[in-house]
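The following exercises train the reading of a protein model, from a single strand to the whole chain. Each task is followed by a solution in steps.

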Amino acid sequence: MRTQVGIVGGGPAGLVLSHLLHLRGIESVVIELRGREELESEIRAGVLEQGTVDLLNAAGVGDRMRKEGAVHHGVNLQFDGRRERIDFEDLTGRAITVYGQHEVVKDLIQARLDAGGHILFETAATGLSDLDSEEPKIHFRRDAKLEGGKISFGEDPEEEELVCDHVVGCDGFFGVSRKAIPDGVRREYTRTYPFGWFGILVEGPPSTEELIYNLHERGFALVSTRSPEIQRLYFQCDPEDEVANWPDERIWEEMHARLDTGDWTLREGGIIQKNIVQMRSFVTEPMQYGRLFLAGDAAHIVPPTGAKGMNLALADVRVLARGLADFHESGGTDLLERYTELCLGRVWKASRFSWWMTSMLHRFEEDNAFQHRVQVAELDYVTSSRAAATTLAENYVGLPMDPAFKIPGEDQEQAAH
Ligand code: PHB
């Protein structure tokens, strides 16, 4: 098999890249370990920066997002028994859209298949080779299953080979792509946090119009939403904790203890899903090696507190789409050569922002009353100083994108907002 761009991983990064390349007449094949249904139902993040919304609209995959996504013009920070709003609209003139990542994935898979795109589901990339040649290869096996973190194969699937002009690794933190960059070349920067997030999906109406990020002596809590009927809530937990330790009543008791104020009570509903999310900051440098490029979680992980994960992944593929288009249209390699440098500024700023939000809003084991008072003072400052509120707001709605990486049609979309 041969293609121009071989893409490992069919999450938002891989699918958006495949679609952007298609719009420029470049052929790609996406290799994805999971099946379509699994991919379309996995509950992940839900906040889209305005730049991400503009990109999806300009790429022609924004119809359902525009109808079903909820535009939020601010978020709430709650601490010390009070709730203060950060007004994005007033501070930055921009907004965010709450629309689940799995909904974005559904829209993208449909668009790729409608356009005759190639996605190999239930197919495992087993390795990459010849990355420093002009014919890098992805080795893969079909009929693969992922269970309990282990990959198994059906009866006798042969190893096959996809020969490409370039390979893009969008296969997340645990994928094969990053590890294909030799140890002597690859540098990794990590911070693990001593807590996780316990996430629940709740059937019922929302408790608030906008998200609430809450600092409490018992730990962080977040009130988010998915739709008028489905709510998404999180609370800080022990990273080693298990879902089985948390029957519904215990969850509600904990959420009320952290969130309720004198005049406001969290609305309960039927809990339809529970999961625990690990918290990690991680950056790989460089994000490329020979003709391999890494995008999204394969190259960097942010804790979810800043709501940056998917946005950062799509910012990477904007740069790649433009670089790959230059290569195929005119043989230009300048943008591809500078890919790491062009992405890392944004990656590290988003890493800083996510780390800062996490540090300001969580309870750390070693913390004492002094530390808690400092966090409350910081939140008081951030919500009372226009300068401080603006630094939060402009990072949250997304730092400006270099106009060179906007895709055709995007400026019109922005003007229409
Ligand atoms: C979510 O709705 O899943 C969500 C919202 C905001 C965050 C993280 C997750 O910071």
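**Exercise 1. A strand and its two faces**

The model is predicted. Determine which residues of strand β5 lie on each side, and whether the two faces are covered or open.

Solution.
- Step 1. In a regular strand, side chains alternate between the two faces of the sheet.
- Step 2. On one side of β5 are Gly74, Asn76 and Gln78; on the other are Val75, Leu77 and Phe79.
- Step 3. A residue counts as buried when its relative accessible area is under 20%. The residues on both sides of β5 meet this condition, and both faces are therefore covered.
- Step 4. Six of the six residues in β5 (residues 74-79) are buried, so the strand is largely enclosed by the rest of the structure.

**Exercise 2. The neighbours of β5**

State in which sense β5 pairs with β6, and in which direction β16 runs relative to β5.

Solution.
- Step 1. With β6 (residues 82-87), β5 forms six bridges in the antiparallel sense. Within this pair, glutamate 84 of β6 is opposite leucine 77.
- Step 2. β16 (residues 212-214) runs parallel to β5 and is joined to it by three bridges. Here isoleucine 212 of β16 is opposite asparagine 76.
- Step 3. The connection between β5 and β6 is a hairpin, with two residues between the strands.

**Exercise 3. Backbone exceptions**

Describe the backbone at aspartate 80, aspartate 130 and the peptide bond that leads to proline 286.

Solution.
- Step 1. The reference is this: most residues other than glycine have a negative phi, and most peptide bonds are trans.
- Step 2. Aspartate 80 is not a glycine, yet its phi is positive, about 50 degrees. The residue lies in the loop between β5 and β6. Because its relative accessibility is 57%, aspartate 80 counts as exposed.
- Step 3. Aspartate 130 also has a positive phi, about 55 degrees, without being a glycine. Its loop connects β9 (124-129) and β10 (137-141). With a relative accessible area of 37%, aspartate 130 is partly exposed.
- Step 4. Between glutamate 285 and proline 286 the peptide bond is cis, with omega near -10 degrees. Proline 286 belongs to the loop between β19 (270-285) and β20 (288-289).

**Exercise 4. The surroundings of the ligand**

Find how many residues surround the ligand and which side chains have a polar atom 2.6 Å from one of its oxygen atoms.

Solution.
- Step 1. The ligand is surrounded by 15 residues, and the closest are Tyr213, Ser224, Arg226, Tyr234 and Pro304.
- Step 2. Tyrosine 213 places a polar side-chain atom 2.6 Å from a ligand oxygen. For serine 224, the distance from a polar side-chain atom to a ligand oxygen is 2.6 Å. For tyrosine 234, an N or O atom of the side chain is 2.6 Å from an oxygen atom of the ligand.
- Step 3. The ligand taken alone exposes 280 Å², of which the protein buries 99%.
- Step 4. The elements giving two or more residues to this shell are β17 (221-225) and β18 (230-237).
- Step 5. Sorted by class, the shell contains nine nonpolar, three polar and three charged residues.

**Exercise 5. A small open sheet**

Give the strand order of the sheet that contains β7, and explain why β3 and β4 are edge strands.

Solution.
- Step 1. The sheet is open, and its three strands follow the order β3-β7-β4 with antiparallel pairing.
- Step 2. β3 (47-48) and β4 (70-72) each have a single partner strand, so one side of each has no neighbour in the sheet.
- Step 3. Two antiparallel bridges link β3 to β7 (residues 96-98). In one of them, valine 47 has valine 98 of β7 as its partner.

**Exercise 6. The whole chain**

Decide whether the radius of gyration of the protein agrees or disagrees with that of a compact globule.

Solution.
- Step 1. For 417 residues, a compact globule would have a radius of gyration near 22 Å.
- Step 2. The value for the protein is 21 Å, which agrees.
- Step 3. The C-alpha trace spans about 65 × 50 × 45 Å along its principal axes.
- Step 4. The protein has 13 helices and 22 strands, and 54% of its 417 residues count as buried.

Definitions and conventions. Residues numbered from 1 in each chain as written. Predicted model: local features only at pLDDT ≥ 70, side-chain atom pairs only at ≥ 80, totals over all residues. Heavy atoms only, no water. Buried < 20%, exposed > 50% of the residue type's maximum accessible area, 1.4 Å probe, protein only. Helix = DSSP H or I, 4+ residues; strand = E, 2+ residues; numbered from the N terminus. Pairing = 2+ DSSP bridges. Near = heavy atom within 4 Å. Polar contact = N/O pair within 3.5 Å; in protein donor to acceptor, adjacent residues only side chain to side chain. Areas by Shrake-Rupley, 256 points an atom, 1.4 Å probe, with all protein chains shown as cover. Nonpolar A, V, L, I, M, F, W, Y, C, P; charged D, E, K, R; others polar. Rg over C-alpha atoms; globule rule 2.2 N^0.38 Å.
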